[in-house]
Amino acid sequence: MNQATNAVRAEILTQAIPYIKEYAGKYVVAKYGGNAMTDPELKKSVMQDILLLRLVGVNVILVHGGGPDINHMLDALHIESHFVNGLRVTNEDTMEVVQMVLAGKINKGLVAELTALGGKAAGLCGIDGNLIHVHTKDPALGLVGEIDAVNKGIIDNLLAGGYIPVISSVGIDDKGQPHNINADTAATEIAAALNAECLVFMSNIDGVLKDKDNPCSLIKSLTVEETEALKKDGTIAGGMIPKVDGCTDAIKGGVKKVFIINGEIPHALLIELLTDEGLGTMFSA
């Protein structure tokens, strides 16, 4: 290994120091899904990033979805999938599959990945400890939950014990009925309840673009006011609107910074949080 390579590595590490100081002891919520969840190498890089953040003192919380795995299991059981405005219509049969896949297969798989890397992780869903309390969002959607409250105490207890909380997006209502929750919404509400330093959405896009057909037109930072202006002039349109609305909702809820990054880039989380350059779009008040 030559000295130039070692010097570059040392420079990268020293560059991270002010960012580590900024985030140490603070809450950072990472929402994880998409291809980064299905590709084994990308999954490993995300878990390494999460573990490293925890080891340098960041109170990192991992929130995950799992739409593709749910679709696969529903297809295998010959249960049709229906969506309204991006939300899965969830009858009782579908809810059983959602709970089984999210709170079981995916959640425990992520905990196993972190454990294999030498980390301490605890998997839970919104049912555990009444973590995410919901009511039915719309009877037409079935068992889809609107979040009423997040019990941050259980998260704090796990973090105090040195664990990384790994949370799947299933909630519970007053009657003890499990509900499906949009994972982006769950991450937003958890981050707001914690007054998190930042929330990171790992997506399959680079961030907000001035020109959707030009990947070089990435907008590095936006305020809530600037975001609203871009929605009005059509720069932010279509499927990007709910993504950025989730970001601005989190800011309005008390989260200091929100990022949209491309989770398909290896170690995107560390690059965004611990380097000068960053990767995606940052939202702030």
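Tutor: Helices (H or I, at least four residues) and strands (E, at least two residues) are DSSP runs, numbered from the N terminus. With that, Leu 279 can be placed in the loop between α10 (268-274) and β14 (281-284). The model is predicted, with residues numbered from 1 along each chain as its sequence is written, and local features need pLDDT of at least 70. Side-chain atom pairs count only at pLDDT 80 or more, while totals for chains, interfaces and linings use all residues, and side-chain values use heavy atoms, leaving out hydrogens and water.

Student: Why is Leu 279 called partly exposed?

Tutor: Buried means under 20% relative accessible area and exposed means over 50%, with partly exposed in between (1.4 Å probe, protein chains only). Leu 279 has 22% relative accessibility, so it counts as partly exposed.

Student: What does Leu 279 touch, leaving out residues up to four places away in sequence?

Tutor: Counting a contact as heavy atoms within 4.5 Å, Leu 279 touches Asp 206, Leu 218, Lys 220, Ile 265, Ala 268, Ile 271 and Glu 272. In addition, the C-alpha atoms of Leu 279 and Ile 261 are separated by 6.3 Å, although these residues are 18 apart along the chain.

Student: How do you know whether Ser 45 is buried or exposed?

Tutor: Ser 45, which is placed in helix α3, has 5% relative accessibility and therefore counts as buried. Beyond its neighbours within four places in sequence, Ser 45 is in contact with Pro 266 and His 267.

Student: What makes α3 roughly perpendicular to α5?

Tutor: The axes of helix α3 (residues 40-55) and α5 come within 10 Å and cross at roughly 65°, and that angle makes the two helices roughly perpendicular. Here axes are lines fitted to C-alpha atoms, for helices over the stretch in contact, and angles run from 0 to 180 degrees between N-to-C directions. Angles under 35 degrees count as roughly parallel, over 145 as roughly antiparallel, 65 to 115 as roughly perpendicular, and the rest as oblique.

Student: Which residues make the contact of α3 with α5?

Tutor: On α3 they are Lys 43, Met 47, Ile 50 and Leu 51, and on α5 they are Leu 110, Glu 113 and Leu 114.

Student: Why are α4 and α5 called oblique, then?

Tutor: The axes of helix α4 (residues 67-76) and α5 also come within 10 Å, but they cross at roughly 130°. That value falls in none of the named ranges, so α4 and α5 are oblique to each other.

Student: And how do you know that α8 and α9 are roughly antiparallel?

Tutor: The axes of helix α8 (residues 224-232) and helix α9 (residues 240-252) come within 10 Å and cross at roughly 155°, and since this is over 145 degrees, the pair is roughly antiparallel. Val 224, Thr 227 and Lys 231 of α8 meet Ile 241, Val 244, Asp 245, Thr 248, Ile 251 and Lys 252 of α9.

Student: What makes a group of residues a nonpolar core?

Tutor: Such a core is a set of buried Ala, Val, Leu, Ile, Met, Phe, Trp, Tyr and Cys residues joined through side-chain atoms within 4.5 Å. The largest one here has 46 residues, and Tyr 32, Ile 50 and Leu 273 have the most contacts inside it. Helix α5 (residues 92-116) gives the largest share of this core, 10 residues. Apart from it lies another core, of 39 residues, including Val 63, Leu 124, Ile 132 and Ile 147.
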